[in-house]
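Please open the model in your viewer and keep the selection tool at hand, since this tour moves from one selection to the next.

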2 protein chains.
Amino acid sequence: MASSLSLFFLFLITFSATLTTPANSLPTFFPGATYQSLIKQAKTPKPKLPFKAHYFPQTLDHFTFQPKSSKLFYQKYLINSHYWHKGAPIFVYTGNEGDIEWFAANTGFMLDIAPKFKALLVFIEHRFYGESMPFGKESYKSAKTLGFLNSQQALADFAVLIRNLKQNLSSEASPVVVFGGSYGGMLAAWFRLKYPHIAIGALASSAPILQFDKIIPWSSFYDAVSQDFKDVSWNCYEVIKGSWEELEAMSTQKEALAELSKAFRTCKSLHSTASARDWLWTAFVYTAMVNYPTEANFLKPLPAYPVQEMCKIIDKFPSGAAKLGRSFAAASLYYNYSRAENCFEIEHEVDTHGLHGWDWQTCTEMVIPMTCSKESMFPPSGFDYEEFAEQCQMKYGVLPRPHWITTEFGGERIHKVLKRFGSNIIFSNGKQDPWSRGGVLKNISASIIALVTEKGAHHVDFRSATKDDPDWLVEQRRQEVEIIQKWLNEYYADVRHA
Amino acid sequence: MASSLSLFFLFLITFSATLTTPANSLPTFFPGATYQSLIKQAKTPKPKLPFKAHYFPQTLDHFTFQPKSSKLFYQKYLINSHYWHKGAPIFVYTGNEGDIEWFAANTGFMLDIAPKFKALLVFIEHRFYGESMPFGKESYKSAKTLGFLNSQQALADFAVLIRNLKQNLSSEASPVVVFGGSYGGMLAAWFRLKYPHIAIGALASSAPILQFDKIIPWSSFYDAVSQDFKDVSWNCYEVIKGSWEELEAMSTQKEALAELSKAFRTCKSLHSTASARDWLWTAFVYTAMVNYPTEANFLKPLPAYPVQEMCKIIDKFPSGAAKLGRSFAAASLYYNYSRAENCFEIEHEVDTHGLHGWDWQTCTEMVIPMTCSKESMFPPSGFDYEEFAEQCQMKYGVLPRPHWITTEFGGERIHKVLKRFGSNIIFSNGKQDPWSRGGVLKNISASIIALVTEKGAHHVDFRSATKDDPDWLVEQRRQEVEIIQKWLNEYYADVRHA
């Protein structure tokens, strides 16, 4: 069985279409669980945020000059000016692939530190997500409209909007620091590198800027997920690893779907065993990503250290119990920690309407090759670029540019390249986060810093502080504040020496 | 009389359409002398260059992903591999607004230093110039095609081409240094800033990256031209300054054109006094730019220090002589130093076919406001952005983005922004060059260096060394070589410490 996953933080997960695919053939390519569906769940009830929404008339195409590229669209951004006064810093969140409100709600760190810095908080929505749709409901219609969705246009949006905002606030001397998590963290780091005249520094949390081309091994991500489980319990890892085979075996049986539907307590009968596989897969991957040290509700409500809790469930079964059933029980923690579900809508979340945002990006610039090694707890799989490209061509009528991100933003030999170039970037990563293997994990220079925690997960530092936060997390945030303060002090000192 | 000039190195000069425009109204906007026409003269006979031409299949639009933006075009580049071996440095000239052969012929410095560094020389042609026409003969047809002509696309071209070339040469470890003069120098500096992972350093000669927005006074350029003449002879400056009025007075007389045609020894009768004005203007501006210390043939054959020679001509006349006649005599040095002309084709050079390249760029991104102050030797004039924008809209159907270059590349407070960001750029300037006032004239950091010579003119350091070169020029080039050597030493040391 093979699977070519193109998965990002809360990006579209694309799964093997069928469990009956023989091991040496390659899966088709279609969206499984989706980011939007996750958001839908996560943001209910919608949090009350201390922000005011604004809409900026943004240029559609910054890099060509044609009558149609001068078209404007309304880009949403959120403002909190409660602590700010003219001249004080502006902290900008460089929005990633989704509704900006959701990122604002899950980046409490910025709100927590705003009073200390008297900072203006700005969360800018990424084009083609949330309400920032350049072509309204037609935005995802085809390559003709989606063509304008990419990271370089997004960075230029940020540049134009920030410059304009400072002008409107008559606060052009305010230093800007950009913040971002996950893809947003990549954008924050790249923004500092490409627009140093606009942002004096960047805090890029869990930004896997090295996940492209051949910079890191393609199996890194799933090896890391597996390591999280191995670290808790070898048995747990082996049970999950063995469960795929059991699932595959079922799929060849008559009545398999009915049996599986019952075993997985689905609300409606399953149409494909692949759905069950995707459902399990999602649970393990996302639980590893949000293996937070405190109870949290980012993707789903989960207990502290949920990987540990999943493995407790698996390890409690008698040793002869079917692996698939144990994996199901563990995955249920992810989907039903709050015990609100009587049954699972396993296939319900598949919705192909308007969910092409990140999928489009992975089919054009964000080509992130992923494989599953034999050592991972997932079925081994390769990455066939030709097939991937063909599927993108079929789907969107465009071919990916697999080397473009590394051409435009670099990444190869990053420690040598940035050793003598650039400054003021923090790359923060938690090693529990499988994306951390694509991150910058060692200091590059005196001011391009890696802050790495052993027990941290996906941009845990960006979450609101809680009374239960462990010391290492408190310390990580303290260091971030200290470094940002240093950037600001330097900036103001430079201004004074005009 | 007012004139809104948008002039760059050898960029389109746009002149006041008529000399009869009253002082408080604004000129229309049309191309006068053109870069291409200058090249045509300059490159006859075509020099034999030690380069081989190649053509790279280049992506039309790097920043959108649409079926049509994947269109490829053939981008020309020149290679000299005579001194090179695998792993040795690659010196790339980032081509500017014209035929790449012409830049190669006038950047002998790179050939001069290639043996010392065992460097591969690569001259890359800028898209939409020379033979690198994405839409063949239709390339300049309208905004639909011209839309893809801009500096960001050009920089991405360089990045893609260089990366591909290194791969094809199996020499990915070769350090790349970029070189460029004038607009090409801007591109070289910007390339190092935006693509530090591709170029380890940049030598940007006469690159007026601060000539945008409100960074420097808009009158800087013409004030500097005037200063060149003032410095040689106050009388010379006053004669030129007074000649415009005499020309204007003539234009109201009957038979003025016939008289002027005779006085200016035109081959064909003039249709407009404005042509005579443009012709004089061009001579003074370009002579200031190429006020080289040795006899040279860049734009035209000229003696050493041609501004001095022009002023000698003017100062030799008896003091009562008409100023216009003296200006004409001085300008004749520019047009006829080789004494090959029996008459002047003053209006001949106006050719509106296919010359929109730079004009398009100034109408979109390269908005360089220019005015003539009362202290200049040109008629005072302002810059009316609204009118300029309207003319661009009429001409191309697009509006300029006057703040885009400073948003994309910065420039404001550059000494503070780059003090703690970036490295390995030399900004070289000669103060005779009127463009130098838009250049970086002071060191920014330990490795972003300004090399300024009092007597240098427009990228004189890039010209082939001659036995007559003054000491200051020899010394400037020596410093450039020394600094580049330092970059390379650092690079190789970093590689060894892998």
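**How the two chains meet**

Begin by colouring chain A and chain B separately in this predicted model, and look at the surface between them: 100% of the interface residues of chain A are also interface residues in chain B, so the copies meet through the same surface. With both chains still shown, consider how one is placed on the other: a rotation of 180°, with 0.0 Å of shift along its axis, superposes chain A on chain B with an RMSD of 0.0 Å. This is the relation of a two-fold axis. To find where that axis passes, select A:Gly422, whose C-alpha, at 2.4 Å, comes closest to the rotation axis of the residues of chain A.

**The domains of chain A**

Next, hide chain B and colour chain A by its two parts, domain 1, which takes in 52–213 + 405–497, and domain 2, which covers 220–336. If you place a marker at the C-alpha centre of each, the markers for domain 1 and domain 2 of chain A will lie 34 Å apart. Where the domains touch, 21 residues from domain 1 of chain A and 19 residues from domain 2 of chain A take part in the contact.

**A helix pair in chain A**

Staying with chain A, select helix α10 (residues 273–289) and helix α12 (residues 323–336), whose axes come within 9 Å and cross at roughly 55°. That angle makes α10(A) oblique to α12(A), and the crossing of the two is left-handed. Now show the side chains: among the residues making the contact are A:Trp279, A:Phe284 and A:Tyr286 of α10(A), together with A:Phe328, A:Tyr334 and A:Tyr335 of α12(A). Which classes of residue make up the contact of α10(A) with α12(A)? Its residues divide into eleven nonpolar and four polar, with no charged residues.

**A helix pair in chain B**

Finally, bring chain B back and select its helix α7 (residues 220–232) and its helix α11 (residues 306–316), whose axes come within 9 Å and cross at roughly 60°. Here α7(B) is oblique to α11(B), and the crossing of α7(B) and α11(B) is right-handed. On one side the contact is made by B:Asp228, B:Phe229 and B:Val232 of α7(B), and on the other by B:Val307, B:Gln308, B:Met310 and B:Cys311 of α11(B). Sorted by class, the contact of α7(B) with α11(B) has five nonpolar residues, one polar and one charged.

Technical notes. Residues numbered from 1 in each chain as written. Chains lettered and ligands numbered in written order. Predicted model: local features only at pLDDT ≥ 70, side-chain atom pairs only at ≥ 80, totals over all residues. Heavy atoms only, no water. Least-squares fit on C-alpha atoms with pLDDT ≥ 70 in both. Contact = heavy atoms within 4.5 Å. Axes fitted to C-alpha atoms, helices over the stretch in contact; angles between N-to-C directions. Helix = DSSP H or I, 4+ residues; strand = E, 2+ residues; numbered from the N terminus. Parallel < 35°, antiparallel > 145°, perpendicular 65-115°, else oblique. Left-handed = near helix turned anticlockwise from the far one by under 90°. Nonpolar A, V, L, I, M, F, W, Y, C, P; charged D, E, K, R; others polar. Domains from an automatic or database assignment.
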